[in-house]
Amino acid sequence: MMNTKITRELFDKVILPVYAPAQFIPVKGQGSRVWDQNGEDYIDFAGGIAVNALGHCHPRLMKALQEQSEKLWHVSNVFTNEPALTLAQKLIDNTFADRVFFANSGAEANEAAFKLARYYATEKYSPYKTKIIAFYQSFHGRTFFTVSVGGQAKYSDGFGPKPADIVHVPFNNLDAVKAIIDDHTCAVVLEPVQGEGGLTSATPEFLQGVRELCDQYNALLIFDEVQCGMGRTGSLFTYQQYGITPDILTSAKALGGGFPISAMLTTNEIASVMHPGVHGTTYGGNPLACAVGCEAFDIINSPEVLEGVQQRRAIFIEKLEEINDQFKVFREYRGKGLLLGAELQPQFHDKAREFLNVATEFNVMILNAGTNVLRFTPSLIISENEIQEGMMRFAKAVEKVVNA
Ligand SMILES: Cc1ncc(COP(=O)(O)O)c(C=O)c1O
């Protein structure tokens, strides 16, 4: 076999050009620090896009993975397995849900949720009860159904005819939902904090109003907590802070702490329409993923970790304020907990990606959410020292962009 040198240039030759990754290649991670091929270290404020909720190589997650790897890797859903049942029970014990469906990505969990909502409504009420109401700027994944429910045309256009009976209205606008919801509506789908769309939090009145409208029209309320769930905003799931309970909830990202896994949660009543063969997946509930998921769940779902989220947000904002005092780049801070957005001042609009790129030159990893918002989704247990060091590096990046 040819001995290929692994370089960033190789990416441009061998990978489908749907990403534009940074110029360095990470090879090792520990906590909130990452090292590249040359041994340079980076502070990680991106957390694998809200996935590495416990940082890199958490000793307890490594142990769980190692132990499970010596027992059983995969059996498919023709058989069940102990880690999947244990994780399902943990999710049920700590949420509104009675039933869990495991998949491998956020998109698949949402795909299952949308299919379940349609199936439930058409079985229980009428074959015409198929309308899904979703919101502009929302993001639910990249399968064709989820991208069509998502409210950003840039992700859904160009692939031919879309699944029908999906309507989009402005987020946080209850009147818009009222105007469109009817007896043919099977579900309203939303992210309690819109992630990719710019870190916009739902208002409590909006969620309460949507809940009431769903009840009035026998439509299911689906919360996509793929990004904002599993401790990210300071409670296990964000709906618990609002006190508004959905009928279906999807989780992924932090659920596996870096190991791919997702889950769709629902009630016995809604689950009752399903039977073997209606939906499925080969890998969902994989023992390796669920063993890591169980350990991640126990660590995240502790007062110590959950309470630490707000403290860390406060430090992040304090540091961003210091940068802002000097460079006047941020207009406002958005999101909840460690799903933190810094909206850029109008003169820096469309430059979010430039901030991100320059940040990597100064050895700090951040994200954007759209073109005007910088996004920070670090480990939920990032240390104060790591925040300070990362922010010192980030300040230099901001200085360079501002003076460019
Ligand atoms: C709210 C939300 N839903 C769904 C998804 C899709 O998840 P995945 O990329 O794991 O399919 C994402 C990914 O960013 C997300 O933020």
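**Close-up A. Strand S5, covered on both faces.** In this predicted model, both faces of S5 are covered. Lys 131, Ile 133 and Phe 135 sit on one side of S5, Ile 132 and Ala 134 sit on the other, and all are buried. Put as a count, five of the five residues of S5 are buried, so the strand is mostly covered, buried being under 20% relative accessible area. If you work at the bench, Lys 131 may catch your eye here: this lysine is on the side of S5 that also holds Ile 133 and Phe 135, and it is buried.

**Close-up B. The strands that pair with S5.** Which strands does S5 run parallel to? One is S7, joined to S5 by three bridges. Another is strand S6 (residues 166-169), joined to S5 by four bridges and also parallel. To find your way around, pick out Lys 131, which stands opposite Thr 185 in S7. For the S6 pairing, look at Phe 135, which stands opposite Val 169.

**Close-up C. Gln 137 and Ser 138, in the loop after S5.** Both residues belong to one loop: Gln 137 has its place between S5 and H6, and Ser 138 lies there too, with the loop running from strand S5 (131-135) to helix H6 (144-149). Is Ser 138 buried or exposed? Ser 138 is buried, because its relative accessible area is 1%, and buried means under 20%. Gln 137 comes out at 39% relative accessibility, so it counts as partly exposed. The backbone of Gln 137 is worth a look as well: phi is positive, about 75 degrees, although the residue is not a glycine. What does Ser 138 touch, once residues up to four places away in sequence are set aside? Its partners are Val 149, Gly 150, Gly 151, Gln 152, Glu 191 and Gln 194.

**Close-up D. Strand S10 and its two parallel partners.** Strand S10 (residues 220-224) is another mostly covered strand, with five of its five residues buried. Leu 220, Ile 222 and Asp 224 point one way, Leu 221 and Phe 223 point the other way, and all are buried. So Asp 224 is a buried residue that points the way Leu 220 and Ile 222 do. S10 pairs in the parallel sense with strand S7 (residues 185-190) over four bridges. Within that pairing, Leu 190 has Phe 223 as its bridge partner. S10 is also joined to strand S11 (residues 248-251) by three bridges, again running parallel. There, Ile 222 stands opposite Ile 248.

**Close-up E. The open sheet S1-S2-S3-S15 and helix H15.** Four strands form this open sheet, in the order S1-S2-S3-S15, and the pairing is mixed. Which are the edge strands? They are strand S1 (26-30) and strand S15 (364-365), each of which pairs on one side only. Strand S3 (residues 41-44) is joined to S15 by two bridges, and these two strands run parallel. Ile 43 has Val 364 as its bridge partner in S15. Helix H15 lies across strand S2 (33-36), S3 and S15, running at about 110 degrees to S3.

**Close-up F. Phe 394 on helix H15.** Phe 394 lies in H15, which spans residues 384-403. This phenylalanine is buried, because its relative accessible area is 0%, against a cut-off of 20%. Leaving aside neighbours within four places in sequence, Phe 394 is in contact with Leu 320, Ile 323, Phe 330, Ala 359, Val 364, Ile 366, Leu 374 and Phe 376. One of these contacts, Val 364, is also the S15 bridge partner of Ile 43. Phe 394 and Met 365 are 29 residues apart in sequence, with their C-alpha atoms 8.8 Å apart in space.

**Close-up G. Ala 50 in helix H2.** Ala 50 is found in helix H2 (residues 47-50). Its phi is near 65 degrees, a positive value in a residue other than glycine. Ala 50 is buried, because its relative accessible area is 1%, under the 20% cut-off.

**Close-up H. The second largest pocket.** This pocket has a volume of about 850 Å³. Its lining takes in 27 residues, with Asn 77, Arg 99, Val 100, Phe 101 and Phe 102 nearest the centre. Helix H4 (82-93), strand S4 (99-103), helix H5 (106-124) and strand S12 (262-266) each supply at least two lining residues. What is the lining like by class? It has 15 nonpolar, eleven polar and one charged residues.

Terms used:
Residues numbered from 1 in each chain as written. Predicted model: local features only at pLDDT ≥ 70, side-chain atom pairs only at ≥ 80, totals over all residues. Heavy atoms only, no water. Buried < 20%, exposed > 50% of the residue type's maximum accessible area, 1.4 Å probe, protein only. Contact = heavy atoms within 4.5 Å. 1 Å grid on protein atoms, 1.4 Å probe; cavity = no way out; pocket = protein on both sides within 12 Å on 5 of 7 lines; lining within 4 Å. Points joined across faces, edges and corners; volume = space filled by probe spheres on them. Nonpolar A, V, L, I, M, F, W, Y, C, P; charged D, E, K, R; others polar. Pairing = 2+ DSSP bridges. Axes fitted to C-alpha atoms, helices over the stretch in contact; angles between N-to-C directions.
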